[in-house]
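Dear colleague,

I am passing on the structure we spoke about, and my notes on it follow directly below. Please read them with the coordinates open beside you.

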Amino acid sequence: NHEGDGTVTLRSIRNLTLLLGAAFASGCTVFPNPEPPRVMDLAVVQAAPTAEQPVQASLRVDTPYASEPFNGSLILAKPTHQEFRAYEGTRWRDSAPVVVRDMLVSSLRQSGAYANVITDTNPAQAELTLVTELSAFHSETPESGPQVVIELHLQMIHNRSRARLCTRSVRVVAPASGTSVDQIVEAFGTAGSNLAARVIEWATTCDYPSDLRPSPGIDPPKQP
């Protein structure tokens, strides 16, 4: 009897193996696949302001420094002063520092504030570097209602002399119309637009060397 039982058991296992093999071969799966996360971008909602006095230099925008949890791709909420949580089933298209860097690069290019604007992944030479630290990139829900917070510390470095030309910390708060992930991401876009405008205004008023400022009456070269 034991041998018969063993034969039945082996035959059952063999049949199950054949069944699973046929299912996988036909593109089916016995176990349900988890839904892929939604991938979101930081889409600014306003065009960058045009610079009144462009700087005649190339600017490299470094990826912001950030510590946990701001150096990942999770879309974060901070329900209390001590706790962070992540919105389920969704994430940024890249890490938060890269998303912020790309937004700044795009806005600075649109503004025409510099002769050229590149990222830190570009091997080209640049006269200036924008160094930043990302210390807030999350939603909050105070009594006044849901909102998004972005905080960035900025330094403009003259690459040849390594001099720090100017520094500033910028904190932007934008209200959200609700607490759903779509409403929060929309508020991030508003906050990103406000942040870009303030960064451009600050960056173009740094104390640059005279050779990086256009002479009166001379049209600056256009951005390629």
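In this model, which is a predicted one, strand β3 (residues 74–77) pairs with strand β4 (residues 85–92) in the antiparallel sense over 3 bridges, and within that pairing Leu76 stands opposite Ala86 of β4. Strand β3 also pairs with strand β6 (residues 128–140), here in the parallel sense and over 2 bridges, with Ser139 of β6 as the bridge partner of Ala77.

Turning to the interior, the largest nonpolar core holds 54 residues, of which Tyr114, Leu128, Phe137, Met156 and Tyr208 touch the most other members. The largest share of this core comes from helix α3 (residues 181–203), which supplies 12 residues. If neighbours within four places in sequence are left aside, the contacts of Phe137 are Leu42, Phe70, Leu76, Trp92, Ala96, Val100, Val149, Ile150 and Phe188; Leu76, listed here among them, is the residue that stands opposite Ala86 in β4.

The last point concerns two helices. Helix α2 (residues 96–111) packs with α3 at an angle of about 55 degrees, their axes being 10 Å apart, and α2 and α3 are therefore oblique to each other. Their crossing is right-handed. Where α2 and α3 meet, α2 contributes Met103, Leu104, Ser107, Leu108 and Ser111, while α3 contributes Gly192, Leu195, Ala196, Val199 and Ile200.

With best regards

How values were computed:
Residues numbered from 1 in each chain as written. Predicted model: local features only at pLDDT ≥ 70, side-chain atom pairs only at ≥ 80, totals over all residues. Heavy atoms only, no water. Pairing = 2+ DSSP bridges. Helix = DSSP H or I, 4+ residues; strand = E, 2+ residues; numbered from the N terminus. Core = buried A, V, L, I, M, F, W, Y, C linked by side-chain atoms within 4.5 Å. Buried < 20%, exposed > 50% of the residue type's maximum accessible area, 1.4 Å probe, protein only. Contact = heavy atoms within 4.5 Å. Axes fitted to C-alpha atoms, helices over the stretch in contact; angles between N-to-C directions. Parallel < 35°, antiparallel > 145°, perpendicular 65-115°, else oblique. Left-handed = near helix turned anticlockwise from the far one by under 90°.
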